[in-house]
Amino acid sequence: MKVFQHVSDIGNLQQALAEAMEIKADRYKYQSLGKNKTAMLIFFNNSLRTRLSTQKAAMNLGMNVIVLDVNQGAWKLETERGVIMESDKSEHLLEAIPVMGCYCDLIGVRSFARFESRKDDYEEQILNQFIKYSGRPVFFMESATVHPLQAFADLITIEEYKNRTKVEPNPLFGGEAITRVPNKRPKVVLSWAPHPKALPQAVPNSFAEWMIAAQTGIEGGLDFVITHPEGYELDPQFVAGAKVEYDQMKAFEGADFIYAKNWSCPGVTRPADYGKVLGDYHDFSEWTVGARQMAVTNNAYFMHCLPVRRNMIVTDDVIEAPTSIVIPEAANREISATVVLKRMLQSL
Ligand code: AN0
Ligand code: CP
């Protein structure tokens with residue numbers, strides 16, 4: 001694997017899940033694979049999980065790891081070609097990328113949507129330059145439009161929980177154990193939820209792309225439904241074939257997994273609104289996932305990629321419930337990253 005960006009890059013999903021379970025049973029199984037190999041993780045934006053889990057994954061494989069926060073200590077980078085460089089930006093990305101490539105074997109990059117131009121973001125201007133000029137395999141650690149390490153971890157989590165009949169008390173917050181009747185073909189709902197600031201579409205884009213692939217690509221399949229207020233339609237390149245239900249309560253009926261996430265306007269129906277929070281977010285408070293919506297589900301598990309704003313995206317009681325699996329979901333980031341880096345090392 002030379003690029004990890006889309007679900008298609010991982011190939012057969014059932015095989016990828018089997019590999020994830022193999023790694024989960026023994027995460028150090030391939031620790032000689034990365035000997036004397038270096039992973040470089042480049043962050044243009046903040047991160048807790050991606051930074052730590054990917055570093056851990058590289059260490060599981062016996063790799064050395066270099067982490068660079070571009071905005072802390074490196075030269076300020078110009079990204080536009082043709083600019084007379086007389087501002088505070090001392091170095092151009094077109095030199096910085098090949099230089100970074102000199103010191104490593106694999107490169108991971110986090111560079112969020114900038115919301116300056118829909119075209120630049122959706123053409124993946126920054127990540128594509130890493131692919132073109134680094135000379136190394138590149139894995140996306142949340143780009144302008146995708147977050148595949150997250151979506152892969154989400155799929156692993158759904159696979160692990162879909163057939164469970166007993167929900168244990170929450171390991172951190174307690175609560176009552178419950179019995180749940182699993183669906184043979186679980187219903188997975190991606191729900192928009194309000195947020196005070198404009199957030200990227202990368203997480204919902206990738207989640208949708210991976211869930212649509214899983215509808216037919218994993219044993220038993222699943223049913224995928226997206227719910228959001230009008231105006232938040234995701235880009236067709238990621239959601240073609242998905243069912244959209246604008247009534248959140250209707251979408252939640254009988255659901256087995258609720259995946260909450262905010263995203264700003266993708267600009268599909270109105271390009272001028274790209275990257276905007278539409279209207280006043282206070283007017284959308286009924287979209288906050290709470291007991292009212294969870295009551296119509298099939299004792300659904302609650303998922304979110306984190307970081308999450310409590311009582312904005314989800315209420316305290318829902319995220320602390322025994323059915324909340326946000327922590328095991330985050331833990332699976334180490335597993336998805338280990339599988340991806342292993343695949344890349346094997347194709348060096
Ligand atoms: C980012 C986002 O919504 O894309 C990262 C999520 C993994 N979240 C924030 O910026 C709060
Ligand atoms: N879920 C996720 O990618 O978290 P971080 O932004 O903390 O890496």
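**Where two domains meet**

Q: How many residue pairs are in polar contact between domain 1 and domain 2?
A: There are 13 such pairs, both residues at pLDDT 80 or more. Keep in mind that this is a predicted model.

Q: Which elements give two or more residues to the side of domain 1 that touches domain 2?
A: They are α1 (13-25), α4 (118-122) and α12 (326-346). The most comes from α1, with 7 residues.

Q: What kinds of residue make up that side of domain 1?
A: Split it into three groups. The side that touches domain 2 has 17 nonpolar, 7 polar and 7 charged residues.

Q: How many salt bridges cross the interface of domain 1 and domain 2?
A: The rule finds 2.

Q: Why does the pair Glu160 and Lys24 count as a salt bridge?
A: Look at the distance. The closest N and O atoms of Glu160 and Lys24 are 2.8 Å apart. The pair counts because the cut-off is within 4 Å.

Q: Where do the two domains run along the chain?
A: The domain assignment gives domain 1 as 3-146 + 333-346. Domain 2 is 150-330.

Q: How far apart are their C-alpha centres, and how many residues does each domain bring to the contact?
A: The centres of domain 1 and domain 2 lie 26 Å apart. Domain 1 brings 31 residues to the contact, and domain 2 brings 36.

Q: How is the size of an interface often given?
A: Often as the accessible area lost when the parts come together. Here, about 2,700 Å² is buried between domain 1 and domain 2. Carbon and sulfur atoms give 63% of that area.

Methods. Residues numbered from 1 in each chain as written. Chains lettered and ligands numbered in written order. Predicted model: local features only at pLDDT ≥ 70, side-chain atom pairs only at ≥ 80, totals over all residues. Heavy atoms only, no water. Domains from an automatic or database assignment. Contact = heavy atoms within 4.5 Å. Buried area = accessible area lost by both parts, 1.4 Å probe. Salt bridge = Lys/Arg side-chain N within 4 Å of Asp/Glu carboxyl O. Polar contact = N/O pair within 3.5 Å; in protein donor to acceptor, adjacent residues only side chain to side chain. Helix = DSSP H or I, 4+ residues; strand = E, 2+ residues; numbered from the N terminus. Nonpolar A, V, L, I, M, F, W, Y, C, P; charged D, E, K, R; others polar.
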